[in-house]
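Let's take a walk through this model together, with the sequence and the coordinates side by side. We'll begin with enclosed space and work outwards from there.

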Amino acid sequence: MRPHRQNFRPKPRGSLSTALAKPSNLERIAPESPRPVELLKGMRVDGNSTLTSDDAALHDLLLSSAYEADRGLTADMHTIPMAHVLHYFGAEARRDAIKASLGRLLKNTVSFGTEDGQRYEQVPLLVSWLSRKDDVETVHFGLPDPMRRIMTEKREFAYLELAALPKMKCKFSQPLYRVLLAKVRESRRVWIPGEDNTVVVTASVDEIGAWVGFPREKDGSIHSGKLRTRMLENVARDFDRIQAFKIAVNPVRGTTRGNPIIEVEFELTLAAADHRRIRANYDSAGIKQFGGTDVEEYRARSDIWLKAINQLVATDTSHVSLSHQVLFRLWTAAINEMLTQEPISEGYHNRIFRGESLRDQIDRLGPDAAAWGFIQEEAEDPDLLSRSKQERIEIANVGEVARRERVWGADAKPVASTPAKSPVQQAPAIRFESCGEIRLTLNNTLTTIDAIEEMVLDPIQYYRAWSGEQQKTIRVQWCLDGADDHMVFRKKISEHDAMELSKRFSDHIEGAMEYAA
C-alpha cells in the first residue's frame, strides 16, 4: 500500500455503482468522473495501437470505478462485477468481447506528461484477471503507479461523461472528446443564459492527427481525405450523447489542387450545468415545494422549477412575469402535446424536447433531465416563452387540465383562468420551529436497500454534529420493487442541519424535503 497523500481530490458526480446496478440506470444517473486536464489532452498510446473504442471506454470505466471506491487510489487491486461491465456496454455486450478487450488493454502501453515537466513513457494501462464463484464473475484489476499519481495529485480537472463513451464507435472519437473537454475547461467558459455560449477550437490536420493517433502516410503526413471519411464524418454521431456541449465540425479547405482540408473548426455550444449540480436556494420560512404531482413516468423534481428560474431563464423584460408555476405548467403543456400529438407550435417538429423526440428523451434520461432540457431549450431560443403573458397562461392551463386528469381522472378539479397559486401561497408553510417531523422521500436512484442504507440512512444515523435543541422526527421513506418502506430517526436537529441534509441528499430526494406538524 502506498502512503496516503493529502491532496484535493474532486468527487465523482453521480454514483457509478448505482448506475451500473441495472442497465436502465446508466443514462438516467449519468455518472461523471474527474480527469486531470493533462491526462485528457496528453495521453498517447505507444506504437501501433490495437485498441478499439470499446477498449478505451472499458479502461475509463475501470479507472472511474477504482476512483469512486478509493479516491486516494491507495489499494493495489480493485474489483468490479462482470455484470456491471456488461450493463455498461448495453444489451448487446458479451462476456467474450469483454475478455478480449481486457487482453488488449494488458498488451498496450501509453505515454503522458505533466505540466511540471514530469514525463512517463511505456506505462501499462492495467493488470487484470477474472475470478468466478457461485456463478458470480468478478474482474480484478490494478492500475500503474504513474496513473495513480496523476489522478490523485492536485491538478486541473474536468469531468468525463461516462454514459456517452460506449456509444462512440469510431476509435478516434474518444481521444478527440478528451482533448476538446480539456480545451473547454481551460477556456474557463460556462453557459450563461442569453449569451453566446460557443467555444471554437481550431486545429490543423496535423494537430488533430497527433491528438487522436491517426495513422500517417509514409512521408509522415496526415491524409486529409482519409481523416474526413474515417473520423470527421463520424464525430456528430459519436458526440450525440455528450451533455456538456453540442458539436459542429467545420472543415477549412486550402486553395491548392484538390482543395484539401488544412484545418478544422470544432464549434462547441455549451449547455447549462446539470440540474443535479446546482443547489436550490430556499428561504428561512421553510423548504417550499413548486410544481405539482404527475404520474410517475412524467414526474419531475419540484425543485427543478426553482433552479430553472435562478439558473436558466434570462432576466430580461420578456421573462419578468415568469414564475416557477408557469414553467411547470408549460412543461405539462409539452407533455400533453407529446401525448395527444397535437402541436402547439412548430417547435413540436424541430426541437429535441418536444413531440416524439421528447418521449425519447424521457425514456432515455428520465423526466428530471428532460424537464431541465426543455427549459434550457426554451431559454436559449424561446418558443413558448416568446408568447405574450396571456398566451402563456392559456397554453399552461391546457397542460394543467391534462395533468390533473392524468393524476385524478374524473375527480380532477377545474383550472382557474389565471395560473393557480402554489400550495405555499394558498396556505402558510409550516415553519421549521413549529414542525414535528421532517420528511425525505427518496427517488429511484438507489435501487437496493444496501444502497439506501449506505448513501442515506447510515449518514443520518452516525452523524455526530447535530446542533438543535429540540428533538424532531426525521422520516425517510422510499419504494423498492413496488413496496413502500420507511425509517424514522429522533434527533436534536436545527434548521441548519435540515438544510445540510437537503444539500447532501439532493441527488436522491424526490421533490424537496418537507416539514410537517
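How many cavities of 30 Å³ or more does a search of the whole structure find? The search turns up two. Keep in mind throughout that this is a predicted model. As for how such spaces come to light, rolling a probe the size of a water molecule over the atoms shows where empty space is left.

Let's look at the second largest cavity, which holds about 40 Å³ of space. Its lining is made up of Pro12, Gly14, Leu16, Pro31, Glu32, Ser33, Ser64, Glu68 and Leu162. Sort those residues by class and you get four nonpolar, three polar and two charged. On the level of secondary structure, β1 (32–36) and α4 (53–69) each put at least two residues into that lining.

Two of those lining residues, Gly14 and Glu32, lead us on to arginine 277. Setting aside neighbours within four places in sequence, arginine 277 is in contact with Arg13, Gly14, Ala30 and Glu32. You'll find arginine 277 in the loop between β11 (261–270) and α11 (303–311). Is arginine 277 buried or exposed? Neither, quite: its relative accessibility is 24%, so it counts as partly exposed. Now jump along the chain to serine 506, which is 229 residues away from arginine 277 in sequence. The C-alpha atoms of the two are separated by 9.3 Å.

Next, the open spaces. The second largest pocket has a volume of about 900 Å³. It is lined by 35 residues, and those closest to the pocket's centre are Glu296, Asn443, Asn444, Thr445 and Glu510. Four elements give two or more residues to this lining: α2 (25–29), α14 (355–365), α15 (367–380) and β13 (471–480). Which of them gives the most? That's β13, with four residues. By class, the pocket lining divides into 12 nonpolar, 10 polar and 13 charged residues.

While we're at β13 (471–480), a word on cysteines. A search of the whole structure comes back with zero disulfides. Cysteine 479 has a relative accessible area of 44%, so it is partly exposed. Cysteine 170, on the other hand, counts as buried because its relative accessibility is 7%.

A couple of backbone details deserve a stop. Aspartate 134 isn't a glycine, yet its phi is positive, at about 50°. Where does aspartate 134 lie? It is in the loop between β6 (127–133) and β7 (136–142). With 68% relative accessibility, aspartate 134 counts as exposed, because the cut-off for that class is over 50%. Arginine 188 is another non-glycine residue with a positive phi, this time about 65°. Look for arginine 188 in the loop between α8 (173–187) and β9 (198–204).

Finally, how far can you trust what you're looking at? The mean pLDDT of the protein chain is 86, and 89% of its residues reach 70 or more. Over residues 1–6, though, pLDDT stays under 50, and the model has 15 contacts for them beyond four places in sequence. Residues 315–320 also have pLDDT below 50, with five contacts in the model beyond near neighbours in sequence. Where pLDDT is low, the predicted coordinates should not be read in detail.

Note on methods. Residues numbered from 1 in each chain as written. Predicted model: local features only at pLDDT ≥ 70, side-chain atom pairs only at ≥ 80, totals over all residues. Heavy atoms only, no water. 1 Å grid on protein atoms, 1.4 Å probe; cavity = no way out; pocket = protein on both sides within 12 Å on 5 of 7 lines; lining within 4 Å. Points joined across faces, edges and corners; volume = space filled by probe spheres on them. Nonpolar A, V, L, I, M, F, W, Y, C, P; charged D, E, K, R; others polar. Buried < 20%, exposed > 50% of the residue type's maximum accessible area, 1.4 Å probe, protein only. Contact = heavy atoms within 4.5 Å. pLDDT = per-residue confidence, 0-100. Disulfide = S-S within 2.5 Å.
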